[in-house]
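Colleague: Could you walk me through this one slowly, piece by piece?

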Amino acid sequence: MMFVCLCATLVSGSSWTARTYPKEQVDIWTQRLEPIPDVNSEFTSLDSVTMDDSESNAVQFDARTRWPGFISDSRDPGLCSGLYSFAAASMATDRLAIHGVATTVLSPQYLLSCGPKCRGCKRCGISDTMNNVESIGFVSESCFPYVSEKARVPQCPANCKNGSKFTPIRPKTVYKEFTVKDDVSTNGPLVVLMKIFPSFNRYSSGIYSPSPDEQYVSGEPVLIVGWGTEGDSGYYIVKCFRGASFGERGYARVTNRIRLWFGEGFGVSFEQ
Ligand SMILES: *[C@@H]1O[C@H](CO)[C@@H](O)[C@H](O)[C@H]1NC(C)=O
């Protein structure tokens, strides 16, 4: 008698499990993707520049265990394509908490509705988003709650929802050269752009790697929150903006053979 393994969800030859998400959900993820940068653009490629630093390859790091309770949940922007505004607000939320300034969830809506650059749910690149952060700062989610799930964007109001004046929090922007691992382990999660392959839309758990014959489709802003190794392969831990039902409670561990890019100058700091 022959026994057939029914481990249908383990993707053959790899160490991650797959599941099927609703088609409408996958369509939304796909439509929100960001273009992969050209060479010589505002991005620096992470794997070739800073992440294959062998001296830190043995080190495991996870911002969620380093700063328990200070790393905000993965949120899902819905039909709105302003993913960098979400990523920037999430990065700043976490860094604000880590530096002991405040535990306030910051509002992506404020950047979408009030930022001088690419206002609305359009795609907005990393440097335009950063310009918005520099010119208007952040207000809290309770001041200006998120309402653009259906991609309708209200005009910038004069005040918070409860009528009190906006009092923006202004982080310093980090323009000095930094290595990603140093920055993340000191300041907290950092926005990076990750190459997305079709099979990532089926990622459930484990250490994701695309199959060798897959072509990437585009890129997606995520926050790098940590890294580690399993067997011979290194991986990153990323916070995805796909909501908590995606992957490992909104997070994914992905092989460090996938290219990530970070935008030079995209770090923010709340150090006094
Ligand atoms: C109004 O909301 C802001 C932001 O959430 C808060 O800081 C402020 O205390 C609130 N004001 C009143 C009067 O409730």
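Modeller: Let us begin with Ala244, which lies in the loop between strand E8 and strand E9. Please keep in mind throughout that this is a predicted model.

Colleague: Is Ala244 buried, exposed or partly exposed, and why?

Modeller: Ala244 counts as partly exposed, because it has 14 C-beta neighbours inside 10 Å, and a residue needs 20 or more of them to be called buried.

Colleague: And how far apart in space are Ala244 and Asp76?

Modeller: From C-alpha to C-alpha they are 8.0 Å apart, although 168 residues separate Ala244 and Asp76 in sequence.

Colleague: What about Gly243, where is that found?

Modeller: Gly243 is found in the loop between E8, which covers 233–239, and E9, which covers 251–255. With 17 C-beta neighbours inside 10 Å, Gly243 counts as partly exposed. Its C-alpha atom is 8.2 Å from that of Pro77, and these two residues are 166 apart in sequence.

Colleague: Which phi value does Arg249 have?

Modeller: Arg249 has a positive phi of about 55 degrees, even though this residue is not a glycine. Arg249 is found in the loop between E8 and E9, and it is partly exposed, with 13 other C-beta atoms within 10 Å.

Colleague: Switching topic, what surrounds the ligand?

Modeller: Around the ligand you will find Ser140, Ser142, Cys143, Cys160, Asn162 and Ser164.

Colleague: How many of that shell are nonpolar, polar or charged?

Modeller: The shell around the ligand divides into 2 nonpolar residues and 4 polar ones, with no charged residue. If you wonder why Cys143 and Cys160 are the nonpolar pair, it is because Cys is counted as nonpolar here.

Colleague: Now the helices, please. Which residues of H6 are buried?

Modeller: In helix H6, residues 126–136, the buried ones are Ile126, Thr129, Met130, Asn132 and Val133. Seen down the axis of H6, these buried residues fall within an arc of 155 degrees, so they line one face of the helix.

Colleague: What comes just after H6?

Modeller: Just after H6 comes Gly137, which takes a positive phi of about 70 degrees.

Colleague: And how do H4 and H6 cross?

Modeller: The axes of helix H4, residues 83–98, and H6 come within 9 Å and cross at roughly 50 degrees. H4 and H6 are therefore oblique to each other, and their crossing is right-handed.

Colleague: What is in the loop ahead of H6, between H5 and H6?

Modeller: One residue to look at there is Cys118, placed in the loop between helix H5, which covers 108–114, and H6. The phi of Cys118 is near 35 degrees, a positive value in a residue other than glycine. Cys118 counts as partly exposed, with 19 C-beta neighbours inside 10 Å, and so it falls short of the 20 or more that a buried residue needs.

Colleague: Then where does Ala158 lie, and is it buried or exposed?

Modeller: Ala158 lies in the loop between H6 and strand E4, which covers 172–174, and it is exposed, with 8 other C-beta atoms within 10 Å. The C-alpha atoms of Ala158 and Cys114 are separated by 9.8 Å, while along the chain these residues are 44 apart.

Colleague: Back to helices for a moment, which residues of H7 are buried?

Modeller: For helix H7, residues 180–187, the buried residues are Val180, Lys181, Val184 and Asn187. H7 is followed by Gly188, whose phi is positive and near 120 degrees.

Colleague: Last one, where is Asn201 placed?

Modeller: Asn201 has its place in the loop between strand E5, which covers 190–196, and strand E6, which covers 203–208. With 19 C-beta neighbours inside 10 Å, Asn201 counts as partly exposed. The C-alpha atoms of Asn201 and Phe246 are separated by 8.9 Å, and the two residues are 45 apart along the chain.

Terms used. Residues numbered from 1 in each chain as written. Predicted model: local features only at pLDDT ≥ 70, side-chain atom pairs only at ≥ 80, totals over all residues. Near = placed C-beta within 6 Å. Buried ≥ 20, exposed ≤ 12 C-beta atoms within 10 Å, placed from the backbone. Helix = DSSP H or I, 4+ residues; strand = E, 2+ residues; numbered from the N terminus. Arc of directions from axis to C-beta. Axes fitted to C-alpha atoms, helices over the stretch in contact; angles between N-to-C directions. Parallel < 35°, antiparallel > 145°, perpendicular 65-115°, else oblique. Left-handed = near helix turned anticlockwise from the far one by under 90°.
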